[in-house]
Every structure is written in structure tokens, then in C-alpha cells.
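Trainee: Got a minute to go through this one with me? I'd like to start with a single residue and work outwards.
Mentor: Fine, put it on the screen.

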Amino acid sequence: MTIIMVMLVLFFGGIVAWLAQAWNEDWPRYVSIGTCAIAGLLLLPLFINTPEVTLSLAGTPSTWIEVVQYEWIPRFGISFLFALDGLSLIMVSLTVFLGFVAVISSWDEVPQRSGFFQFNLLWTLAGVVGVFTSLDLFLFFFFWEVMLIPMYLLIAIWGHENKAYASMKFFLFTQISGLLMLISILALVLTHQQQSGEITFNYFELLGHNLPLELAYWLMWGFFIAFVVKLPGFPFHPWLPDAHTQAPTAASVLLAGILLKTGAYGLIRFTVPLFPEAGLEIANFAMTLGAVSIIYGALMAFSQSDFKRLVAYSSVSHMGFVLVGIYAWNEIALQGAVMQMVAHGFSTAALFMTAGALQHRLHTRDMRQMGGLWHDMPRMGAIALFFIVASLGMPGLGNFVGEFLVLLGAFKVNVIVTVMAALGLITGAIYSLIAMQQVFLGERKPNRDLKDFGGREIAAMVPMMIGLIWLGVYPQTLLDIVDPVLSSLHAFTTNNPDLWIGSTP
Amino acid sequence: MNSTELLLLAPIITLSGVILIIMMTIAFARNLALTCGAAAVGLLLTLCSIVWVNVNMEAGFATPLMIIDTYGLMFSALIVSGAFFICLIAYSYSVQHGEKQDEFYLLLLLATLGGMTLAYSAHFAMFILGLELLGVSLYAMISYPVRGLFSLESALKYLILSGVSSAIILFGIALLYAALGTMAFVELASTVVAIDSQPENGSDHLFILVGIGMMIAGIGFKLSLVPFHMWTPDVYEGAPAPVTAFLATISKGAIFAVLMRFFMTVDAYQYATIIDGLFWIALASILFGNLLALMQSSIKRMLAYSSIAQLGYLMVAFIAASAAGGKQLAIEASAFFLVAYFITTIGAFGVVTIMSPGNDEHDNDALENYEGLFWSRPLLAGFFSAMMLSLAGIPLTAGFIGKFYIIAAGVEGELWILLLAVVIGSGIGLFYYLRVIYTMTKQSISTEITVPLTGGWAMAAVTLSLLVLGVYPTPVIEWVSQMALSIL
């Protein structure tokens, strides 16, 4: 029930925030903070004790912490099937936490219609929580689309100068690829119906269903494209720099921090387990896409003068590691991918928050007009340095562990791709340090009176710093939670001895 | 005719009675509120009688001309409910558009009666009767507001083109009659089988094909499918907004009902030529409709092209019924899609109606007049956004389940090219649907609009049903699957 409670809290919190505006323009953000806090508190018990749920993928031990099912549309065998395992739990917690950060980062940024702003923010969170927990394919698609609308409105109403274009592009890319996925879902379900006589959208029943290889191959593309657009992988990324750059800070934080992760989550949870053989066929292709994303993202980041755009392209680069890790599909690489998802969520959210703070103070995102800001805002400079160093993969911080595990796992599968991906560590260092130098170091420009990070911003940043250090120094905490899930998924897809195990090019 | 048949005809008799009563009251006392109220109550009574017949009576023929089964009852319920909401939304509009508006409701009820008879018709005679009752009432409704030449022009356009298309349908029927010697759908079915089993009847076979083809051309005009769509934007733009809503929903839904019944009963799906033709019509409707909607700056014209595209989606489900074993899902999909389409279209034109209070020659449908509506009239803008999202097929709205159904039917029928067109069309569609929402969120002061009481509540009810259907569609899905069973 916790999952549903969390979603309801976010949904109703959004409505209350909207209504609260009628009394006082300040109230909505307090309502938002409160809502995120309640949702976070609801999640806590799940980390401590693990309720027994006897539901497992064929032949593997159960990993589910909580499963809820209610009938919804019996005509199509559609139900409200929510399930939570370690992987979902980590992603949901990240969502709620970054929701917190997003509210704080936009504290003073929304002068008008703050109620509707917080409403959209909380509904985005609710939609994402739904994506991370629903295991009925229809329900999953439902949330997949639901989370788009509030995000679209966030960009379209409160975005920057080119918001109409950016928000439309964002919506179009996700929606069209989503429809391809819907066709795949329906074809999968109807084929399953023809073979078993039962129509169902239940993940557990569709899993392990023997499709003709050629059909599976086509259906897999529908899922793959939808998720890689969201990830985003190299040829499907053009929406991302625009959307991230034009979005208000809070929306950028959510987009980079969690919406991108829904793509990676979908690949791990749905694409590969539903179509393991077809997944094997394209594993090398997908890993190559990942490696290309890493290098392309880094090159593009290097050539930006807009700070937010730079961070956006660095996301393409970092999510490339996730794609490589997922399609290497061994336990180490998968652990690395999840680690990278969480670490990137922290570091990019923090960088976008910094970018937003800079824009709020300087009214520009152009790095050529910055420089020497460390003297004006030492606290912000130090914090930015920390996260820039984290995102370039400094050992001892979470991002390094993620990237290292991915490379380690991928090396066993495809050496060339691994070498290409490893280049990303070097290019990452180049663009990150250049950004740091241009923005914070160098000559101090005269006549600037800038406000340094205050207690509120620091309160949002410090937990993320602690998180990254923790992940970097003792990653086992996270791995203990997600590893049972990953190994069960891995074991499930490798039940067929021809598949995956030691798969070499 | 026996008493059972009379009872079966209760919905039609009820509505006809209401029409007579209203005609009498208008003759004695002109009172717009009374007329509109009586029409609305009459439509509700008709709805009750439809439900009563569906629950208490066995399906059966009422005269050889009409068959009263769940299929027909469900469609007539849809038509009557649609007319009910249009009636409420039209009230404030007709108050503001001059005196002597009472007969408008009479025409509206007559057109609804025509739509209902179409839903029940099982014979070409009834088909033509319903078609003309609907059409002739619509000519008058389109030109009803005496506000310059604009409405008259579109009424004339509709009159001429609709007349021609009716003539084409009649020609098709004549050809079918020449080949088969009967005009009742059920008898047609058996003679078609007899003729097709004898290869020497080549010319009869050709007659059948050409006859059905001409019928599709005429019906394609009424449904405004490409390439028979030319009239749509002009007429939509010129007609008063409530009438446009009627034209876009009830007139199309009723004609689609009879088309589907004809194809199911006679099994016209067996002709590959016909299916090929329908394939191109659907493809062209989806692509052209969406592409042309992209270029409109008038909301009514945009909705006109978007309705062409929406009917294209509907045709995907219609064609999917040609696949073996795909009929049940295809009928369900078409019916559900139509329900969603009715709600959405009536809602969208309802907002245009409320936005057009004055007695101007044109309705207030320029996109730029909707700027900032979100901040001046948040609820109205919210209704309109919900309608746009539903047309775009976004979850939480009925349109999403409708599109889901269409794609499901398409996958079942393995119509991959059409599905691709649906995906591309939806992508293009997002542009212009979202543009409306985006325009409404702009920061500017729009002209003050007062939302009338009846129209406002009717819109709230329409939006609510849109959301309920999007979140909990199970009851309606059960109805449409019963309905599909009744005609298979």
C-alpha cells in the first residue's frame, strides 16, 4: 500500500498546493516541501524491514518488497498492478528526494502562479513514481504519458526565451516514441492472447513468453526506441539540450535527475527481460550507441558557451555509460549502470541547481560573461567544484564507481566499445574543468554584488554531497539493495544457456 | 404492426411526441427558456425510453425497415445524449443571437430524430429517410442565425454538396437493387452470397462493387473523409458553433452507425477492392487532415481538419473488422472511439460557443483571442485543455482509451501501414493541439468572457465524463462489448 500512498500524497499535495495559492502566494512551496517530506517518510520503513512477498520470476528467488493489485479494465486484463523491489525503491526514493531539491531550487524563482507551478511539479513526481512501480504494461504506458503533461506545462509556462519550441520538441519526441511502444505492447499482448487464450497486460505473465524471434525483434524496437529517446541515446537526443536549457531550474533538475532515469529503468525492467534473445542480437549495436553518446555528448558539451546546455550535453555523455552498462548485461555492468543512474541524478541535479542560481543572479547563462565568480560567491564556487569533480569521475565519489563498474563489466563483453567509452572519462575531465575555469575562476569582474548560497541552498546541496561521497566510498549500501533484483533479472534472462552468459561479440 | 413493435419503437415515438408538443407550445407562446428546457427534458425522456427498451425488450425488427437491437440502442443513446448537451450549450448562444430562436430547438430535435432512425435502419428506405431528415434539418440549422451572409453561404454550400452526395448514395442503392432485387440488409446478405457463389454472374458482381463504392463515396462525404472533405472547413467555420458541434458529432456518428451495420450485415468486408479503397481513404484522411489542421489560425477550421483526421483513425478500426476474428474488437473500438469523440468534440465546440457571446457575423474562433485564457478564465481554459489533450490521445482523458482501442484493433487486423500513419498523424496532431494550450497560457489580458450558467454546467459535466471515461472506462467498455456482440 505504501506505493499507492506515496502517489496519492503527491497527487493530492499538488491539488492542495494549487488551492493554497488562493490564500497566499507563499504557501504552495511550503505545501510542496511538506508533501515531499511526507512521501519520503512513507518510504523510510521499506528500507528497514522487508515484508515477505511470494512472487518471483520463473526460477529465481523473490525480490519484491511490496505488490498491490486491483482490477481496472477486465475486458483487456488490465489491472492496477504496482510492485516495488530494490531497484524501484531506489528510483522512487531518488525521485522524492530530487523533488525536494527541485522545490528548494525554485524557491524564489517563481514569482507568478506559484500554485500551479507546484501542482505541476508534484504531479510530475507522482507520474514518475508510477512509472517506476507499475508492472502492468498498460498502467506503465499510462504513467509514461501522464508524467509528460505537467512537465510540458512547466517548460511551456515558466521556461526561458525559447520555451515554446523546446517544450514542443520535448513532448513530440517522447510522445511519438511512446506510441511506437504502445503498438509494441499491444502486439505483444495480442500475440500472447493468441497463444495462451488469455488477454493480459500483466508483466509477470508476459515475461518468459515465447515469441517468434523475428516478431520479438520488431516489438523490441518499439520499446527500445521509446526508452532510448528518454535516456537519451545518441541519434534520439536532440530534444534534450533544448528542453533542459529552456526549462526553469526545478524542471531541469527533475528532467535530468529522474526523467532520464525512467528510460534506463525501462530498458532494465522491460526491454531486455521481455525480449532477451532479440536483446542479445542488438547488444553490440546498443553498446556502440552508448559509446557514441559518451563521446558525442562530451564533444558537444565542450563546444558550448551556455552553462545549462553544457550540463545538458554532459548528461547525454553520462547516460551513455548507463546504456553501455545495461547492454553489457552482466551483473557488474548492471550494478554500475544503476550506480551511475543514482550518482548522475545527484551530480546533475546539483549542477542544474547551480546553473539556475547563476542565471537567477546574473540573468545570463553565457559562460563568457561569467568568470571570477569564486570571489563573489565562495560557497557556491566550492560546491560547484565538488559536483563538477564528481561528474568528471573523480575516484572516491559515486560517479566514478558507476563508470568504473560499467567499464569493468563491459570489458568482458566488448573490448572496443569499452575503450571508446573509457575515452569519455578523459573528455569529461576536459569540458568539466573548462566550465569550472570559465565560470568561477579567473579575473574577478568589478561592480558585481552577488548573493552567495544561503542556508536553504546549502541544505539541499549537502545531502547530495554526502550521498555522492557515501556512494563513492562505500557503494555496498546501494548494491545490497539493488543487487538481488539485478541478479534475478540476469538469471531470468540467462535461464536459456545460449543467452547472455559470457556473451562475446 | 403489433404492440411489441410499438414498444420497441418507444424511443422514436417519445421523441416525435416531444417534437409535436414543442411545436404546439411555440405556436401559442414564444418562450426560449421554456422551449430549450422542454427540448432538454424531452431528450432525457427519450434517453430513459432507450434504456427501458434495452433492459426490458428482446431485440427485434420493428417493421421490416428498422431493427431495434443493442447496437442501434447504444448508438441512439449516444446521439440523444450528445443532442442533450448541445441543447444546453446552445441556450445562451441563442439568447444572444436575436429573437425567434425557438424553432432552432425544433430543428435540433428533428435532426436528432433523423440520427436515431439511422442508427436503427435495416433497410435502404429507412436509411434515406433518416439521412434526409438529418440533412434537411441541418441546412436550416446552419443558416439559422440571421447574421449576414456568412452562415447562409455555408448552408448553401452544405445544401448543394450534401444533395449531390445523397444522389450518389441513391445511385449506389439503385445499382445494388438492380443486381440483388432487395433493399433490406438481411436479404441483401443472403443474395450477395448466392451471387458470389456463381461466377457466371459477372455483371451483377460488378454492380454490387460499384454500388457499394458509390455508397462509400456518398457516405465519405457525410463523414468528411479525404478526398470528399472539401466542404468541411468552410461549413464548420460558417455554421454557428453549437450547430458545428452537432454536425461534427451526431451527423457523423449516426451515418457511421448505419455504414457499420450495413458492412456487418451484408459482409461487404469480403470485397478486397472495397477494403483497398477504404485503406487509401483512411490513410489520406489521417495525413491530410492533420497536415492541413497545422496551418489553421481559426479554431473552428482547425477542429474541422482535426475531425477529418479523427474520422481517419476511426476508419482504421472500421477496416480492421475485415480481418478474420477481428470483428468484435473492431466494433468495440469504433464505438468507444466514437463515444470519446462525441464528448471531446462537443466539449471543444462548447468552449467556442461560450467564447462567442456577441451577435457578430463570425464566431469568436481566432486562436489569438484565446491568449491568456488560462489566467482570466482558468476553469474554461482547463476544460478546453482537457478536450485538446483528449483529441491528442493523452492519458487521463477518454481520447486516450479511444486511441488505445484504435491501435489495438489495428494491431489485431495487422494494419501496420495504417498504424504508422496513426503514429505520424498523432505526432503532427500534437503540434496544433498543444499550440492551443500554449496560446492559452500566454501572459496577456484577454477579453472578459462571462460563462453562462447552463453552458458552464454542461461543459463541467462533459469534462467530468471525459475524465471519468479516461480513468475508469470499464462500464463503457462493457456496454460497447455487449453492443458488438449484438450485431455479430
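Trainee: Is Met387(B) buried or exposed?
Mentor: Buried, because Met387(B) has 28 C-beta neighbours inside 10 Å, and 20 or more is enough to count. Keep in mind that this is a predicted model.

Trainee: Which helix holds Met387(B)?
Mentor: Helix α16 of chain B, residues 378–392.

Trainee: And what is Met387(B) in contact with, leaving aside its neighbours within four places in sequence?
Mentor: Thr344(B), Gly347(B), Ala348(B) and Val351(B).

Trainee: How far is Ile13(B) from Met387(B) in space?
Mentor: 34 Å, C-alpha to C-alpha, with their positions 374 residues apart in sequence.

Trainee: On to the core. How many residues does the largest nonpolar core have?
Mentor: It has 396 residues. Val324(A), Cys87(B), Leu108(B), Val316(B), Phe336(B) and Phe337(B) have the most contacts inside it.

Trainee: Which helix gives the most to this core?
Mentor: Helix α14 of chain B, residues 327–355, with 20 residues.

Trainee: Take Cys87(B) from that list. What does Cys87(B) touch?
Mentor: Setting aside neighbours within four places in sequence, Cys87(B) is in contact with Cys36(B), Ala39(B), Ala40(B), Leu43(B), Tyr105(B) and Leu108(B). Leu108(B) is also one of the core residues with the most contacts.

Trainee: Change of topic: how many residues does each chain put into the contact between chains A and B?
Mentor: Chain A gives 22 residues and chain B gives 21. On the side of chain A, the elements giving two or more residues are α5 (137–146), α6 (148–158) and α7 (163–196). The largest share is from α7(A), at 13 residues.

Trainee: What is that side of chain A made of, by class?
Mentor: 19 nonpolar residues, one polar and two charged.

Trainee: Last one, within chain A. At what angle do α14(A) and α17(A) pack?
Mentor: About 155 degrees, with the axes 7 Å apart. Helix α14 covers residues 331–362 and helix α17 covers residues 398–413. The two are therefore roughly antiparallel, since the angle is over 145. The crossing is left-handed.

Trainee: Which residues meet there?
Mentor: From α14(A), the list includes Ile332(A), Met339(A), Val342(A) and Phe346(A). Among those they meet in α17(A) are Val401(A), Leu405(A), Val406(A) and Leu408(A). By class, the contact has 12 nonpolar, nine polar and one charged residues.

Key:
Residues numbered from 1 in each chain as written. Chains lettered and ligands numbered in written order. Predicted model: local features only at pLDDT ≥ 70, side-chain atom pairs only at ≥ 80, totals over all residues. Axes fitted to C-alpha atoms, helices over the stretch in contact; angles between N-to-C directions. Helix = DSSP H or I, 4+ residues; strand = E, 2+ residues; numbered from the N terminus. Parallel < 35°, antiparallel > 145°, perpendicular 65-115°, else oblique. Left-handed = near helix turned anticlockwise from the far one by under 90°. Contact = placed C-beta atoms within 7 Å. Nonpolar A, V, L, I, M, F, W, Y, C, P; charged D, E, K, R; others polar. Core = buried A, V, L, I, M, F, W, Y, C linked by C-beta atoms within 7 Å. Buried ≥ 20, exposed ≤ 12 C-beta atoms within 10 Å, placed from the backbone.
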